[in-house]
Amino acid sequence: MVIKCAIIDDEPLAAGLLKSYAIKTPFLNLVGTYGSALEAMKELRDNPVQLLFLDIQMPELSGIEFAKILPSNTKIIFTTAFQQYAIESYKVSALDYLMKPISYDDFLKAANKALDWFSANQQHTTTVRDRFMFVKSDYKLIRVSLDDIQYIEGLKDYVRFYLEDGSRIMSLMNMKKLEDYLPHPEFLRTHRSWIVHMPKASLVDRLRIVFGETLIPISDSYKEDVQNYFDQHTLQ
């Protein structure tokens with residue numbers, strides 16, 4: 001596959017070097033190089049890319065700030081001379097964090113990591129586009145429509161699916177693997193023990209999503225993702 005990408009860096013020499021790397025990488029299609037996040041914002045709104053090579057320290061809008069407003073399906077590889085932003089970069093789900101000066105070997109390793117991610121995600125999209133999955137329960141395979149799921153509870157090595165018709169299905173399954181499988185951000189992890197089908201959420205009260213008598217907590221680890229979802233769907 002070919003990945004559509006862009007570079008954002010306010011240092012012309014660094015941007016030029018990354019551009020030369022991208023051009024000679026066969027699976028990258030470089031569509032633009034920008035000197036600031038604000039400049040890129042205007043172009044990428046109408047012509048989105050899959051992958052950004054993004055500097056962090058830039059005037060007006062930093063790379064970290066810009067990353068927070070990007071669509072979740074735009075992946076990021078940070079390119080920076082400052083090591084102290086590494087932790088923040090993982091909070092915005094960056095695929096990699098490259099320290100300047102960047103060699104082509106390091107660039108290619110990061111690009112290959114992106115290729116692996118997009119290849120896996122493409123397979124995942126093909127799998128879930130039919131809007132159902134089969135789960136194992138009591139030696140049976142049960143077909144579960146994604147649209148019927150309200151929320152999912154993690155119970156050690158098991159998960160319990162709560163469906164709209166009031167039924168429940170228990171399955172031996174890894175919560176993290178399930179989270180990665182389900183389409184994001186339609187399904188969001190709100191707590192280590194809970195995944196919520198967000199379009200089904202109709203009431204939020206004091207950092208809890210309310211389903212009847214069930215109060216699903218929103219923990220600090222997942223609060224930002226959940227808040228971003230509600231912000232995007234809230235009229236101010």
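This briefing walks through one sheet and two helices of the structure above. The model is a predicted one. Its sheet is open and has 5 strands, helix H7 packs its buried residues against strands S11 and S13, and helix H1 keeps its buried residues on the same side.

**The sheet**
- If you trace the open sheet across, the strand order is S10-S9-S8-S12-S11, and the pairing is antiparallel.
- At the edges sit strand S10 (168-172) and strand S11 (187-191), each of which pairs on one side only.
- From one strand to the next, the twist averages 20°.
- Strands of a sheet pair through backbone hydrogen bonds, in either a parallel or an antiparallel sense.
- Strand S9 (residues 158-163) pairs with S10 in the antiparallel sense over 5 bridges.
- For a place to start looking, find Tyr158, whose bridge partner in S10 is Leu172.

**Helix H7**
- Helix H7 covers residues 223-232, and its buried residues are Val226, Tyr229 and Phe230.
- Viewed down the axis of H7, these buried residues fall within an arc of 95°, so they line one face of the helix.
- Those buried residues pack against the edge strand S11 and against strand S13 (208-211).

**Helix H1**
- Helix H1 (residues 12-23) has 12 residues, which should span 16 Å at 1.5 Å a residue; the end C-alpha atoms are 16 Å apart, in agreement.
- Buried in H1 are Ala14, Ala15, Leu18, Tyr21 and Ala22.
- These residues cover an arc of only 120° around the axis, which puts them on the same side of H1.
- Turned away from that buried side is a face with the exposed residues Pro12, Leu13 and Ile23.

Note on methods
Residues numbered from 1 in each chain as written. Predicted model: local features only at pLDDT ≥ 70, side-chain atom pairs only at ≥ 80, totals over all residues. Heavy atoms only, no water. Pairing = 2+ DSSP bridges. Helix = DSSP H or I, 4+ residues; strand = E, 2+ residues; numbered from the N terminus. Axes fitted to C-alpha atoms, helices over the stretch in contact; angles between N-to-C directions. Buried < 20%, exposed > 50% of the residue type's maximum accessible area, 1.4 Å probe, protein only. Arc of directions from axis to C-beta. Contact = heavy atoms within 4.5 Å. Expected span 1.5 Å × (residues − 1).
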